[in-house]
Amino acid sequence: MNSDTRLMQQLAPYLPWLIIVAVFVLFILLRITRKGLRQRVDEIGYRLFGEKGLLIWFWLNAPGVILHETSHAIAVLLFSPFGFRITSVTFFRIKPMVKRDGQGRVVRSGSRQSLQLGEVQYVRPQGHFMSYVGDGLSGVAPLFGGIVAFTFLYWVATGYNLWDFPLDINQHIQILRPGWPWWTLIFAPYLILTVTSELWPSSQDWKGARWFVSGFICLLLLTLLAFWYFHHVNQEELLAVSTFVASRLNFALLILLGLDVAFLLVAEGLVRALRR
């Protein structure tokens, strides 16, 4: 038995947990690379167009902003039978985001100012249970809309489903499905970048969805505890399902991380050229 085989046998009991932990590690790395990409795009814009160039990142993400706000609007429309009504939808009106403390006072900061590119405003009945549900689903709707768009764009780009590992019969990675047109790679990676850049709900979205999200998490935990307590599911089955889901999330995060690195290298090259 060689050393590699012995090492794999030693790691086998911990492999499911390593796969689950990898989700959080890759997510953190993705946040770092996306932040680094934005910093370089901001510098490119500033060196080319001055202060106005700092808005380039927002205009590059215009398709993602449209999807983000459209997801909000669709969620609100789904709750129209419960008294929800859209009053305005804005896609391209850039305005500063006012930060407030716990007492509602405006907080001034010397760091880079946050800007808001789009907005959906709506009214709904006060104090109703479905109003809290609608607020929550509307707040997190961009997360689901972005995932659906990412899944579709990955298929457009490669011909593969996001939950399929693109391996040939020799276990070699294939970027494109055999016979799939290569020109989809011209535009799909950019659209994936912009969609996923605007996928995460804003702090204001999370604030509106806090009661729904907290209640959903508590309900999910209570359900899992009940299944475990009444022996409807054992630890091995739960770990197997968690590992399966985590492996698919890792694959998606690796795709996004690879795209980030590619765009980051291009942006870094342009920054270095402009600094000369």
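This is a stop-by-stop tour of the structure, with a selection to make at each stop.

**Whole chain**

Keep in mind that the model is predicted. Start with the cartoon of the full protein chain. It contains 8 helices and 6 strands. Trace it from the N terminus: the order is α-α-α-α-β-β-β-β-β-β-α-α-α-α. The strands therefore sit as one run in the sequence, with helices before and after them.

Now switch on the surface. The accessible area of the protein chain is about 18200 Å², and carbon and sulfur atoms account for 68% of that. Of the 276 residues, 32% are buried. Consider contacts at a separation of 6 or more: 72% of these join residues 24 or more positions apart.

**The largest nonpolar core**

Select F150, Y154, L162, I192 and I255. These residues have the most contacts inside the largest nonpolar core, which has 21 residues in total. Which helices supply at least two residues each? They are α2, α5 (129–158), α6 (188–197) and α8 (235–275). Colour α8 separately, as it gives the largest share, 9 residues. In general, nonpolar side chains in soluble globular proteins tend to be buried together.

Centre the view on L162. Leaving aside residues up to four places away in sequence, L162 touches F150, T151, Y154, F251, A252 and I255. Two of the named core residues beside it, F150 and Y154, fall within the α5 range of 129–158. I255 falls within the α8 range of 235–275.

**A separate core**

Next, select L37, V41, L264 and V271. They are among the 8 residues of another core, which lies apart from the one just visited. L37 and V41 fall in the range of helix α2, residues 15–49. L264 and V271 fall in the range of α8, residues 235–275.

**Salt bridges on α2**

Stay on α2 and show charged side chains. Opposite charges on side chains can pair when the charged atoms come close. The whole structure has 7 salt bridges.

Pick R38 and D42. Their side chains form a salt bridge, with N to O at 3.6 Å. Both residues are in helix α2, 4 residues apart, so about one helical turn separates them. Is D42 buried or exposed? D42 is buried, because its relative accessibility of 6% is under the 20% cut-off. R38, at 21%, is partly exposed.

Move to E43 and R47. This pair also forms a salt bridge, and its closest N and O atoms are 3.0 Å apart. Both residues lie in α2, again 4 residues apart, about one turn of the helix. R47 is partly exposed, with a relative accessible area of 44%.

**A network reaching α8**

Select E268 and R272. A salt bridge joins them, with the closest N and O atoms 3.0 Å apart. Both lie in helix α8, 4 residues apart, about one turn of the helix. R272 counts as exposed, at 51% relative accessibility. Now add R40 to the selection. R40, E268 and R272 are linked in a network of salt bridges.

**A nonpolar patch on the surface**

Go back to the surface view. Select V21, V25, F27, I28, L29, I32 and W200. Together they form a nonpolar surface patch with about 620 Å² of accessible area. Zoom in on L29, which sits in helix α2 (residues 15–49). L29 is partly exposed, at 37% relative accessibility.

**The β5–β6 loop**

Turn to the strands. Select G118, in the loop between β5 (115–116) and β6 (119–123). How much of G118 is accessible? Its relative accessible area is 8%, so G118 is buried. Excluding residues up to four places away in sequence, G118 touches V65, E69, T90 and F91. Draw a distance from G118 to F91. The two are 27 residues apart along the chain, yet their C-alpha atoms are separated by 4.2 Å.

**Last stop: E119**

Step to E119, in strand β6. E119 is buried, at 13% relative accessibility. Show side chains here and find Q121. The side chains of E119 and Q121 make a polar contact at 3.3 Å.

Methods: Residues numbered from 1 in each chain as written. Predicted model: local features only at pLDDT ≥ 70, side-chain atom pairs only at ≥ 80, totals over all residues. Heavy atoms only, no water. Patch = residues over 30% accessible without salt bridge, like charges linked within 9 Å, V, L, I, M, F, W, Y side chains within 5 Å. Areas by Shrake-Rupley, 256 points an atom, 1.4 Å probe, with all protein chains shown as cover. Salt bridge = Lys/Arg side-chain N within 4 Å of Asp/Glu carboxyl O. Buried < 20%, exposed > 50% of the residue type's maximum accessible area, 1.4 Å probe, protein only. Core = buried A, V, L, I, M, F, W, Y, C linked by side-chain atoms within 4.5 Å. Contact = heavy atoms within 4.5 Å. Polar contact = N/O pair within 3.5 Å; in protein donor to acceptor, adjacent residues only side chain to side chain.
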